[in-house]
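Welcome! Let us take a walk through a small report on one protein, going from single residues to the overall picture. Keep the structure open beside you as you read.

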Amino acid sequence: IRPVDHYAYLPTEEKAKLLAADVMTWGEEWQVGEITFKEDDDMWGIQIICQQKTDLITVNQRSGRLFEEAFHLGGSYDGWGTVICKNE
C-alpha cells in the first residue's frame with residue numbers, strides 16, 4: 001500500500017470543493033491535495049491522494065469511482081500516478 005495521486009478537472013471552484021467534500025467521506029485512506037485553477041483549460045484541477053494497492057483491480061475501482069463522481073459534477077477524471085517501487 002502506498003500513496004497514489006488521482007487528478008480530476010471540474011468546471012467551477014464550487015464543484016471542485018463539492019468533490020473534495022465528498023471524497024473526505026470515503027474513509028481515512030482518502031485525502032484531498034491541491035485545488036488549483038488551470039487557466040489553459042479554464043477548469044479547476046483537484047489532486048486526490050489515496051493510500052492503496054496498485055494492482056489492476058484496486059486501481060480500476062478507485063479511479064472508476066472518481067471518474068463517476070467527476071462526471072456527475074460536469075468534470076472529468078484525468079488519471080493517476082505514483083512512484084515506482086520494487087517488489088511490491
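Our starting point is Glu 29, which sits in the loop between helix H1 (13-23) and strand E2 (30-38). Before going further, please keep in mind that this is a predicted model. Is Glu 29 buried, partly exposed or exposed? Its relative accessibility is 27%, so Glu 29 counts as partly exposed; the buried class ends under 20% and the exposed class begins over 50%. Setting aside residues up to four places away in sequence, Glu 29 touches Ile 49, Cys 50, Gln 51 and Arg 62. For a sense of distance, try finding Gly 74, which is 45 residues from Glu 29 along the chain; the two C-alpha atoms are separated by 25 Å.

**Strand E3**

One of the partners of Glu 29 is Cys 50, and Cys 50 has its place in strand E3. With a relative accessible area of 0%, Cys 50 is buried. Its contacts, not counting residues up to four places away in sequence, are Arg 2, Pro 3, Val 4, His 6, Glu 29, Trp 30 and Arg 62. Look at His 6 in that list: Cys 50 and His 6 are 44 residues apart along the chain, and their C-alpha atoms are separated by 7.7 Å.

Gln 47 also lies in strand E3. Its relative accessibility is 18%, which is why Gln 47 counts as buried. Which side chain does the side chain of Gln 47 meet in a polar contact? The partner is the side chain of Asp 5, at 3.4 Å. Beyond its neighbours within four places in sequence, Gln 47 is in contact with Asp 5, His 6 and Tyr 7, and also with Gln 31, Val 32, Gly 33 and Glu 34.

Where is Asp 42? You will find Asp 42 in the loop between E2 and strand E3 (43-52). Asp 42 has a relative accessible area of 52%, so this residue is exposed. Its backbone is worth a look too: although Asp 42 is not a glycine, its phi is positive, at about 55°. Most residues other than glycine have a negative phi.

**The two helices**

Now turn to helix H1, where Val 23 is placed. Val 23 counts as buried because its relative accessibility is 0%. Leaving aside neighbours within four places in sequence, Val 23 is in contact with Trp 30, Val 32, Ile 48 and Leu 66. Tyr 7 is 16 residues away from Val 23 along the chain, with 12 Å between the two C-alpha atoms.

In helix H2 (residues 56-72) we meet Ser 63. Ser 63 has a relative accessible area of 11%, so it is buried. Which backbone oxygen does the side chain of Ser 63 reach? That oxygen belongs to Val 59, at 2.7 Å. Apart from neighbours within four places in sequence, Ser 63 is in contact with His 6 and Tyr 77.

**Strand E4**

Gly 81 belongs to strand E4 (residues 76-81) and is partly exposed, with a relative accessible area of 24%. Its contacts, leaving aside neighbours within four places in sequence, are Val 4 and Asp 5. Gly 81 and Asp 5 are 76 residues apart along the chain, yet their C-alpha atoms are separated by 5.3 Å.

Here are the C-alpha separations we have met, side by side.

| Residue pair | Apart along the chain | C-alpha separation |
|---|---|---|
| Glu 29 and Gly 74 | 45 residues | 25 Å |
| Cys 50 and His 6 | 44 residues | 7.7 Å |
| Val 23 and Tyr 7 | 16 residues | 12 Å |
| Gly 81 and Asp 5 | 76 residues | 5.3 Å |

**The whole protein**

Let us step back. The protein has 2 helices and 4 strands, and from the N terminus on they run β-α-β-β-α-β. Along its principal axes, the C-alpha trace spans about 40 × 25 × 20 Å. A compact globule of 88 residues would have a radius of gyration near 12 Å, and the 13 Å of the protein agrees with that.

Of the 88 residues, 35% count as buried. Among contacts with a separation of 6 or more, 65% come from residues 24 or more positions apart. The protein exposes about 5,700 Å², and carbon and sulfur atoms supply 51% of it. As for charge, there are 8 positive and 16 negative side chains, with the centres of the two sets 8 Å apart.

Note on methods. Residues are numbered from 1 along each chain as its sequence is written. This is a predicted model: local features need pLDDT of at least 70, side-chain atom pairs count only at pLDDT 80 or more; totals for chains, interfaces and linings use all residues. Side-chain values use heavy atoms; hydrogens and water are left out. The radius of gyration is taken over C-alpha atoms; the globule rule is 2.2 Å times the number of residues to the power 0.38. Buried means under 20% relative accessible area, exposed over 50%, partly exposed in between (1.4 Å probe, protein chains only). Contact means heavy atoms within 4.5 Å. Accessible areas come from the Shrake-Rupley method with a 1.4 Å probe; for residues, only the protein chains shown count as cover. Lys and Arg count as positive and Asp and Glu as negative; His and the chain ends are not counted. The place of a charge is taken as NZ of Lys, CZ of Arg, CG of Asp or CD of Glu. A polar contact is a pair of N or O atoms within 3.5 Å; within protein, one must be able to donate a hydrogen and the other to accept it, and residues adjacent in sequence count only if both atoms are side-chain atoms.
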